[in-house]
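Please open the structure in your viewer and keep the selection panel at hand. This tour proceeds one selection at a time.

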Amino acid sequence: MATIRAVEADIDGSGLLGIARGGLFDGPGLATASPSALGTFANQIPEWADRFIVRVLAGERAVFILVDDAQWCDRETLLALSAMLRDLSALPVHVCIAMATQPSRPELDDIRSRIGRDLKGVAVRTDKLSETALREIVTWAVPTYSDEQIDRLARRVASDSAGLPLLAVELLHAVALGLDLEETTGAWPQPLKTLSQTLPGDLPDAIVAAIRIGYRRLSKSAQQVLAAAAVLGERITEKQLEACTDVRGAELHTALDELEWQRWITADARGYSFVARIVCEVVQEDMVTDGQKRRIKEAVTEK
């Protein structure tokens, strides 16, 4: 089995070599590969001078290739995967591709369009966890809670994480670690404080780091809009954003569309709000200085 998690730098051309180094190196049967096939990789990876070719590996045993964050792979790698799926369809070669919808990659769209037609497989779209699923996870995380206590915690996690799996699981982990059962009376959150009581523990680094990385990948306009939205609160309008940022008109609409596509915010008739409340809190605390907060609030008040 070979695995690779692509990063943004791979878009320039190192994805295919990453797959090669990700586990196929030790596969059996490589010694029988043709010299010409081996030579292609030998030019890039000297230690492969006498091994590597997927077709030879698949002749020995099933080959599994996992590509995570495939949207960051370079075009050549994605085209090579597509060709491999076509040319080796009769062999036990299995590929699992995990990807985000943005940035859009035509090469991945082409692979998806072929699934169910000339490619055997299935496309699975992950969505936010349902209320039932969240309640089951809460029951697993804090098995000593009563049904009423589980309901309160599930509602809080749903509000903070918007049901996004990474945020929900890490948040529950932080809650479980932060609870001091000898000092805490009852369960967290307390009755009538489901949405207001402070977390019993610090947010895990996994959540904060993931939000920071995602924020830095946004365009400058989208970063500015998101920061302002975090400071202004749970519901903001285009008029408010224009008053406190340098982003206006078509540029503002483009930034808002970017944030919606990447699931930072959601829109309704009253304006825009964060998909997950916990993301709003991290952006406000970690991405905006005190001076910026003051200027944003003053700009809206003056208007």
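Is Cys244 buried or exposed? Select Cys244 in this predicted model. Its relative accessibility is 14%, and because residues under 20% count as buried, Cys244 is buried.

**The cysteines**

Next, select Cys73. Cys73 has a relative accessibility of 0% and is therefore buried as well. How many disulfides does the model contain? The count comes to 0 disulfides. For orientation, a disulfide is a covalent bond that joins the sulfur atoms of two cysteines.

**Two helices that pack together**

Now select residues 131-141, which form helix α6, and then residues 147-161, which form helix α7. At what angle do α6 and α7 pack? The angle is about 120°, and the axes of the two helices are 9 Å apart. An angle of this kind lies outside the ranges for parallel, antiparallel and perpendicular pairs, so α6 and α7 are described as oblique to each other. The crossing of α6 past α7 is right-handed.

To see the contact itself, display the side chains on both helices. From α6, show Leu134, Arg135, Val138 and Thr139. From α7, show Asp147, Ile150, Asp151, Leu153, Ala154, Val157 and Ala158. Colouring these residues by character gives 7 nonpolar, 1 polar and 3 charged.

**A buried arginine in α7**

Stay on helix α7 and select Arg152, which belongs to this helix. Is Arg152 buried or exposed? With a relative accessible area of 7%, Arg152 is buried. Leaving aside residues up to four places away in sequence, Arg152 touches Ala187, Pro189, Gln190, Pro191 and Thr194. Select these five as a group to view the surroundings of the arginine.

**Two residues with positive phi**

The last stops concern the backbone. Most residues other than glycine have a negative phi. Select Ala162, in the loop between α7 and α8. Ala162 is not a glycine, yet its phi is positive, near 60°. Its relative accessibility of 14% means that Ala162 counts as buried.

Finally, move to Leu192, in the loop between α8 and α9. What is the phi of Leu192? Phi is positive here too, at about 70°, although Leu192 is not a glycine. Is Leu192 buried or exposed? Leu192 is exposed, with a relative accessibility of 86%, whereas Ala162 is buried.

Notes
Residues are numbered from 1 along each chain as its sequence is written. This is a predicted model: local features need pLDDT of at least 70, side-chain atom pairs count only at pLDDT 80 or more; totals for chains, interfaces and linings use all residues. Side-chain values use heavy atoms; hydrogens and water are left out. Helices (H or I, at least four residues) and strands (E, at least two) are DSSP runs, numbered from the N terminus. Buried means under 20% relative accessible area, exposed over 50%, partly exposed in between (1.4 Å probe, protein chains only). Contact means heavy atoms within 4.5 Å. A disulfide is a pair of cysteine sulfur atoms within 2.5 Å. Axes are lines fitted to C-alpha atoms, for helices over the stretch in contact, and angles run from 0 to 180 degrees between N-to-C directions. Angles under 35 degrees count as roughly parallel, over 145 as roughly antiparallel, 65 to 115 as roughly perpendicular and the rest as oblique. A crossing is left-handed if the near helix is turned anticlockwise from the far one by less than a right angle, and right-handed if clockwise. Ala, Val, Leu, Ile, Met, Phe, Trp, Tyr, Cys and Pro count as nonpolar, Asp, Glu, Lys and Arg as charged, and the others, Gly among them, as polar.
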